[in-house]
Amino acid sequence: MKFPTSIWSSLIRKKIKSDPNTSVPLFPIKIGHRGAAGYCPENTFASFHRALLMGVDFLEMDVQMTKDDELVVIHDSTVNRTTNGKGKVKDFTLIEIQALDAGRWFDPRFSNERVPSLGEFLDEFGGKVGILLEIKNPSLYPGIEKKIAHELLNRGLVSSEEHPVIVQSFDQNSLKKFHQLVPSIQLGVLLKKFTRKGISDQELVSFSSYASFVNPKITMVNRRLIEKIHQHGFKTFIWTVKKRNEVDFLRYYHVEGLICDFPDFF
Ligand code: G3P
Ligand code: CA
């Protein structure tokens, strides 16, 4: 079991109102999904700043890599949906991808928004708020774990108690690689699908050698799943909250955090 670490204990004390006897979280921490993706074009500075104004504890964001091996903050493996360009992220250089308009698709008011590099994102927000960094599609980008680790280490962002960085991914191999590189960073396994029986004890045990969080999709969540995750010593952040009433039922399950498109919902 990976918890509690000093980082998490500190965060819990500051952000989570817990039952003093059991340490059960009574209210989840607030995580802005791709910033405040319900209000602004996702994964842009406008979105991250809006989330900060809404008092988030963490910014969630997605990292991929360009043709010239630069890390960029973008969700899809193509630029088609969230910019005015077309093509795969891995076929653009950093200069080319940053020449695209990453805001107009959402609203013309955001037409100045660009695809941030990871460096720009960390320089702007690192150490000011928690960061929940998702390694997206790592099988497309050999070496991405090492590059992300360098960006964090170079900025001294691996051991902040006040504003931690947590790295998550659907790709368990990528998380294992990252754990080898920077064992002090807390990792989260993202879950999207599971069998009708739920996630097995065996799988949860296998995560525990490198991860501290197990973060399921909201459609998978029920009391039994959350209890099982907790029994194995993991914390859990649930994604993606898009409706106000979802906040209430998830609070009832005592989850540690909610990843939300509309961070002002709670
Ligand atoms: O934070 C978890 C969540 O972001 C994973 O799904 O598709 O929104 O990146 P997605
Ligand atoms: Ca994500």
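A polar contact is taken here as a pair of N or O atoms within 3.5 Å, and in this predicted model such a pair links H75 to ligand 1, with a polar side-chain atom of H75 lying 2.7 Å from an oxygen atom of the ligand. The side chain of H33 likewise places an N or O atom 2.8 Å from an oxygen atom of ligand 1, while for D62 the distance between a polar side-chain atom and an oxygen atom of ligand 1 is 3.4 Å. Of the 290 Å² of accessible area that ligand 1 has on its own, 92% is covered by the protein. The surroundings of ligand 1 also include R34, E60, E134, K136, Q168, F170, L190, W239 and I259, and the space that the ligand takes is the second largest pocket.

Turning to the protein interior, the largest nonpolar core comprises 55 residues, of which F121, I148, L152, V167, F178 and F207 touch the most other members. When neighbours within four places in sequence are left aside, F178 is in contact with I135, E145, I148, A149, L152, V167, I185 and L187. Another core, of 13 residues, lies apart from the largest one and has I218, V221, Y253 and F266 among its members.

How values were computed:
Residues are numbered from 1 along each chain as its sequence is written. Chains are lettered from A and ligands numbered from 1 in the order in which they are written. This is a predicted model: local features need pLDDT of at least 70, side-chain atom pairs count only at pLDDT 80 or more; totals for chains, interfaces and linings use all residues. Side-chain values use heavy atoms; hydrogens and water are left out. A nonpolar core is a set of buried Ala, Val, Leu, Ile, Met, Phe, Trp, Tyr and Cys residues joined through side-chain atoms within 4.5 Å. Buried means under 20% relative accessible area, exposed over 50%, partly exposed in between (1.4 Å probe, protein chains only). Contact means heavy atoms within 4.5 Å. A residue is near a molecule or strand if one of its heavy atoms lies within 4 Å of it. A polar contact is a pair of N or O atoms within 3.5 Å; within protein, one must be able to donate a hydrogen and the other to accept it, and residues adjacent in sequence count only if both atoms are side-chain atoms. Accessible areas come from the Shrake-Rupley method with a 1.4 Å probe; for residues, only the protein chains shown count as cover. On a 1 Å grid over the protein atoms alone, a cavity is a set of points where a 1.4 Å probe fits but cannot get out, and a pocket is an open set with protein on both sides within 12 Å along at least five of seven lines; lining residues have an atom within 4 Å of a point. A molecule sits in a cavity or pocket if more than half of its atoms lie within 2 Å of its grid points.
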